[in-house]
Amino acid sequence: MEVIGLKKEKMGFEETELRLGLPGAEAARKRGFCETETTEDNKNGTVDLMLNLSSSKEADHSTDKPKEKTLLPADPAKPPAKAQVVGWPPVRSFRKNMLAQKKSGEESDQKSSPNGSFVKVSMDGAPYLRKVDLKMYKSYQDFSDALGNMFSSFTIGNCGSQGLKDFMNESKLMDLLNSSDYVPTYEDKDGDWMLVGDVPWEMFVESCKRLRIMKGKEAIGLAPRAMEKVKNRS
Amino acid sequence: MNYFPDEVLEHVFDYVTSHRDRNAVSLVCKSWYRVERCSRQRVFIGNCYSISPERVIQRFPGLKSLTLKGKPHFADFNLVPHEWGGYVSPWIEALAKSRVGLEELKLKRMVVSDDSLELLSYSFPNFKSLVLVSCEGFTTDGLAAIAANCRLLRDLDLQENEIDDHRGQWLNCFPDSCTSLVSLNIACLKGDINLGALERLVARSPNLKSLKLNRAVPLDTLQRILMRTPQLTDLGTGSFVDEPDSEAYFKLKHTISKCRSITSLCGFLEVSPHCLPAVYPLCSNLTSLNLSYAVGLQGSDLMKLIRHCVKLQRLWILDSIGDDGLCVVACTCKDLQELRVFPSLPFEAGPSPVTERGLVAISVGCPKLHSLLYFCQQMTNAALITVAKNCPNFIRFRLCTLDPTKPDADTMQPLDEGFGAIVQSCRRLRRLSMSGLLTDRVFLYIGMYAEQLEMLSVAFAGESDKGMLYVLNGCKKIRKLEIRDSPFGNMALLNDVGKYETMRSLWMSSCEVTLGACKTLARKMPRLNVEIMNENEVEFNLDDAQKVDRMYLYRSLTGKRKDAPDFVWTL
């Protein structure tokens, strides 16, 4: 049956696996079939083909539209649950979705998860630091919005509400740094303080160790170094 | 008969508040009908397709508060196809065109669009209260319109809706002049919100009594909010997570201990068990506690908390509490009236830690219990018989075994006798939902004893048409009957067609009813809408002998609805 087949494949899998990306860059490992059964993209986990228990209307259930399919437990390592029935147990879909999301969320929060990328975020003038998981965000815009919401209690103006500027453009950069707006900066793996926004988002997530949101004027000293690093990379 | 001027009648009718009583008043004679309809302010429409908005407005020109329900109940469990209907827009459009001074709108299981919310927000200058339960179709943009335009907004209560979250800025749309909020519930919003805007809104709402936050609100923000709202009676926390030795947590403990007015607590959408002690000081005042989304708590955490909750009347909890935890509830919460035990992971392979043992303990310790929703691993007749004896006051009794046809765990018999005891003992029972192995016998008991029963939910139960007949013939007050996956067919359906006009609706899915019988029923009863929904078929097979996947019928004064999608065929 299905589960046994999967296990067989998994045994020799790692050796023959294709790996993309730089050596040592674990995250770039191509995902195998088993790993695609996460609850990240598909919040409902794997989809069950309706094997049914009670007498009557099985034929109907097997042609259900995807929305109405019932779900196997998210963890493929457990043996599959006894065949589920549409709409049973009778729990509101809102509640089902909330609990499924939270369960997977908590599993990744617990202890140190290799998938989480938590960094401390400090903001000049704010009484507390925050911790964020960079992997929760898809882009600089996303991240900037979230930071804005998180720290809005502490700023009179907006924090990065205009989004991150085009850091490739030196004159725009100087305008920004001369203003009193807050600017996000980060410490990278080399220990250097950089302006957020110069590298592609995914690379930023990999290299960022901590964040500091500072006043634009204070960030001026970073600019030459930031531009140099960018020039070296390209 | 004495003559009373209209003003006197109206004054007397002011004391008649329940919808049913007012409906009865209006049937006495023409002058009572006239006075009643002009003075009526609150109207409840249990099925939005039973009547047209124009007729409602015409009859009740003084309408101030409207409640509407849309989709059938089984839509909650994905048994009703998406896009079936339940649109609120015709109602809001009709109300906007009229002279009605709408102040309150409550919607359940309806499809609401941003455009409708916007129209609502600027059409009624006195609009005060919006309550949306299990609705969908709108985004935070619609909420922004409500926030911006409803100057006197008092309640914005969003319960378990599917809202498309455009992240964050709609809270900024409440103008600085808005200081009238009494109740704000945003717990179902999935995205980030602007914490600064939230804090400022709370700071300028001195009348705020009920505040329910979403997951995006962290502990330190909660603490700052509570500092501003010592008068709060109803609190829903957002994220309740922090390091146990953090300064934010320490401050929160101190602030919470000053909130002596809080009697209702919920939320904990994310929670670290070690943070829970911060709410202990509130427990002895709590009458309502909802931890049904607090997945992070174990049975032991729950037990420690509940031991302090001596005044509790309503408890909603996850089955992680276990039978032992329910024993603690039974010992502690002597005033308990309503209990809901939800399954923590509906599709988990492992057994639930809640069985009949917990329910029996509750029945012994909490004789005032009148409303129950109980998801459990197993049940026995003996337990149900004991529960029936100990708690004769049930109004709502809903039991769900995770395996829908599971027999008595001890005797392997059907659970007929157990549920029979419940209906026989609880003379005031109005709502019943059963599961487990059940034969026609349980329906015989229901028909014989459940005289006040108004709503019955049946799944995977019964053996023949007799079962359904017992109910239809015996339960004089039945209003809503919903049946799935049970062997009831044409004979039962057509036995007494007039009965359905005395009911709000009947739902039958995956039963033995055929297309031909539905057509016959529709022909005989023109004031019923008989809707058929078949799986994946837009072209309906015209074979009368074919069984119907889903049938939903309801009485209606408006005839066939014009907004039905292709897959719905009204006969």
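## Salt bridges, cores and a helix in a predicted two-chain model

Across all chains, a search of the whole structure turns up 30 salt bridges, each being a side-chain nitrogen of Lys or Arg within 4 Å of a carboxyl oxygen of Asp or Glu. This is a predicted model, in which local features need pLDDT of at least 70 and side-chain atom pairs pLDDT 80 or more, while totals for chains, interfaces and linings use all residues. Residues are numbered from 1 along each chain as its sequence is written, chains are lettered from A and ligands numbered from 1 in the order in which they are written, and side-chain values use heavy atoms, with hydrogens and water left out.

Let's start with the charged pairs. Side chains of opposite charge can pair when their charged atoms come close. Here are three examples from chain B.

| Salt bridge | Closest N to O |
|---|---|
| Arg215(B) and Glu270(B) | 3.4 Å |
| Arg479(B) and Glu454(B) | 3.2 Å |
| Arg484(B) and Asp485(B) | 2.8 Å |

Arg215(B) and Glu270(B) form a salt bridge. This pair links distant parts of the chain, 55 residues apart: Arg215(B) sits in the loop between β9 (210–212) and α9 (219–228) of chain B, and Glu270(B) in strand β13 (residues 270–271). Helices (H or I, at least four residues) and strands (E, at least two) are DSSP runs, numbered from the N terminus. Arg215(B) is partly exposed, at 22% relative accessibility, and Glu270(B) is also partly exposed, at 25%. For these labels, buried means under 20% relative accessible area and exposed over 50%, with partly exposed in between (1.4 Å probe, protein chains only).

The salt bridge between Arg479(B) and Glu454(B) ties together parts 25 residues apart in sequence, because Arg479(B) lies in the loop between α18 (465–474) and β21 (480–484) of chain B and Glu454(B) in the loop between α17 (440–449) and β20 (455–459). Arg479(B) is partly exposed at 23%, whereas Glu454(B) is buried at 9%. Arg484(B) and Asp485(B) are both buried. There is also a network of salt bridges that links Arg92(A) with Asp76(B), Arg109(B) and Glu160(B).

Now for the nonpolar side. A nonpolar core is a set of buried Ala, Val, Leu, Ile, Met, Phe, Trp, Tyr and Cys residues joined through side-chain atoms within 4.5 Å. Which residues touch the most other members of the largest core? They are Phe397(B) and Ile446(B), out of 199 residues. Leaving aside residues up to four places away in sequence, Phe397(B) touches residues including Leu372(B), Phe419(B), Ile422(B) and Arg431(B), where contact means heavy atoms within 4.5 Å. Apart from the largest core lies another, of 24 residues, with Ala126(A), Val199(A), Phe204(A) and Cys208(A) among them.

Turning to the start of chain B, an unreviewed UniProt entry annotates residues 4–43 as "domain: F-box"; such annotations may be inferred rather than shown by experiment, and positions follow the numbering used here, with feature names shortened. Over residues 4–43 the chain is 65% helix and 5% strand, and the end C-alpha atoms are 25 Å apart.

In helix α3 (residues 30–39) of chain B, Val35(B), Glu36(B) and Ser39(B) are buried. These residues lie on the same side of α3(B), because they cover an arc of only 100 degrees around the axis, taken from the directions from the helix axis to the C-beta atoms. The cover over the buried residues of α3(B) includes α1 (6–13), α2 (19–26) and α4 (53–59) of chain B.
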